[in-house]
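Work through these exercises with the model open beside you. Try each task before reading its solution.

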Amino acid sequence: MFVQEEKIFAGKVLRLHVCTMEGAEWLEEVPEDTTVEKLKERCLKHCVPGSLEDPKTVTHHKLIHATSEKVLTDAKTVLEENIQDRDVLLLIKKRAPPPLPKMADVSAEEKRKQEQKAPDKDAILKATANLPSRNVDRTVAHHNMRDFQTELRKILVSLIEVAQKLLALNPDAVELFKKANAMLDEDEEDRVDEIALRQLTEMGFPESRAVKALRLNHMSVTQAMEWLIEHADDPAVDAPLPGQTPSEATAEAGASSAEATAGPSSEAGGEEAKDELTEIFKKIRRKREFRPDPRAVIALMEMGFDEKEVVDALRVNNNQQNAACEWLLGDRKPSPEDLDKGIDTNSPLFQAILENPVVQLGLTNPKTLLAFEDMLENPLNSTQWMNDPETGPVMLQISRIFQTLNRT
């Protein structure tokens, strides 16, 4: 008679500690070749008598190995699941799936979502159909925002004239403005970051081309490198930037050095000192001349506009490319000539500004005049002067006076 080998050698018996979620505990002794499903049936007979009458009871329960937190597979044996003697198993019942929502509940939820949804255009028109119509000029708000900037420029033009007359009476004015003028010789826009320039030249880019790329990209090495690569085959890549040619730059530098060395002797009289101060004022004005954003100039000229028109547009619109484009396509108001007109010196606004003690004191400070000149030609620098401890209080008083009188 033939006998199978596994019947002769019985499997090893394991003692397993079984627990339930309700707190019941007991020991089960099973051979290691017992399937997990059989072990689960034995556990259910022990803790839930009569439960096996329902065939779904076994499938609705699972055995979990406590140490590894592994869910045991019904078809595998205890040995295949690598269960050892005295291991702890947990018998749990699977949660029943949530019931499907009733149609009434679904309808109520959809209705709630629809109620919370924002109204569409048709609903808005229907709800506002009976309201009286008003012809609102949408450009008024835009003009109101620009009113202060437009008036401020006129105020600065007139205040500069007053400040020059007051400072001309100061015996130390010439020396003060010579020092201020020396500071202006170091113009930030003319200087190039030497470290950034060296990085680009070490990559193999020509120095003149690298300088142009850095100025176009506000001294950013990454953006300048991208520009150089993009325009490598551009025949106009080495052309000077619009608004300033090398000859003009050289002439300006020569004029600056000549004027810096020129001047009357210390023994000059009052008239000569006054003339020298006038020349310094003119020189400061020349140095503070508007400088258009080169990238904006190129972009607008590519649209077909003349270079002079583009520079005028950028000057009127504080180097804002989009606003300059609208100005070029529109009525071109205000004109560049309007920017040099001052405010009516007999107006209540200007009289109130001149009568303010803080403004009166500030007009005797050379730094205030320099701030006015700078803001006049570079309005984007206004924030810098507003935060300055010497010029900030003056600008704050001018703003407050304007806002007060503009409301009345």
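**Exercise 1: Two loop residues**

Task: Is Arg 86 buried or exposed?

Solution. Arg 86 counts as exposed because its relative accessibility is 58%. The cut-offs are under 20% relative accessible area for buried, over 50% for exposed, and partly exposed in between (1.4 Å probe, protein chains only). Next, place the residue: Arg 86 sits in the loop between strand 4 and strand 5. Then check the backbone: its phi is near 70°, a positive value in a residue other than glycine.

Now repeat the steps for Asn 82. The loop between strand 4 (70-71) and strand 5 (88-93) holds Asn 82. Its phi is positive, about 60°, although Asn 82 is not a glycine. With 53% relative accessibility, Asn 82 counts as exposed.

Ground rules: this is a predicted model, in which local features need pLDDT of at least 70, side-chain atom pairs count only at pLDDT 80 or more, and totals for chains, interfaces and linings use all residues. Residues are numbered from 1 along each chain as its sequence is written, and side-chain values use heavy atoms, with hydrogens and water left out.

**Exercise 2: The sheet**

Task: Find the order of the strands in the open sheet, then its edge strands.

Solution. Start with the order: 5 strands run 2-1-5-3-4 in an open sheet with mixed pairing. The edges are strand 2 (25-31) and strand 4, each pairing on one side only. Strands pair if DSSP finds at least two bridges between them. Strand 1 (residues 13-20) pairs with strand 2 in the antiparallel sense over 7 bridges. Within this sheet, Cys 19 stands opposite Glu 25 in strand 2. Helices (H or I, at least four residues) and strands (E, at least two) are DSSP runs, numbered from the N terminus.

**Exercise 3: Helix 10**

Task: Which residues of helix 10 (residues 221-230) are buried?

Solution. List them: Val 221, Ala 224, Trp 227 and Leu 228. They lie on the same side of helix 10 because they cover an arc of only 125° around the axis. The arc is that of the directions from the helix axis to the C-beta atoms. Now turn the helix: the face away from the buried side carries the exposed Ile 229 and Glu 230. Finally, look for the cover: it includes helix 8 (194-202) and helix 9 (207-216).

**Exercise 4: Asp 312**

Task: What is Asp 312 in contact with, leaving aside its neighbours within four places in sequence?

Solution. Locate Asp 312 in helix 14 (residues 307-316). It counts as buried because its relative accessibility is 19%. Its contacts (heavy atoms within 4.5 Å) are Trp 327 and Pro 336, sequence neighbours within four places aside.
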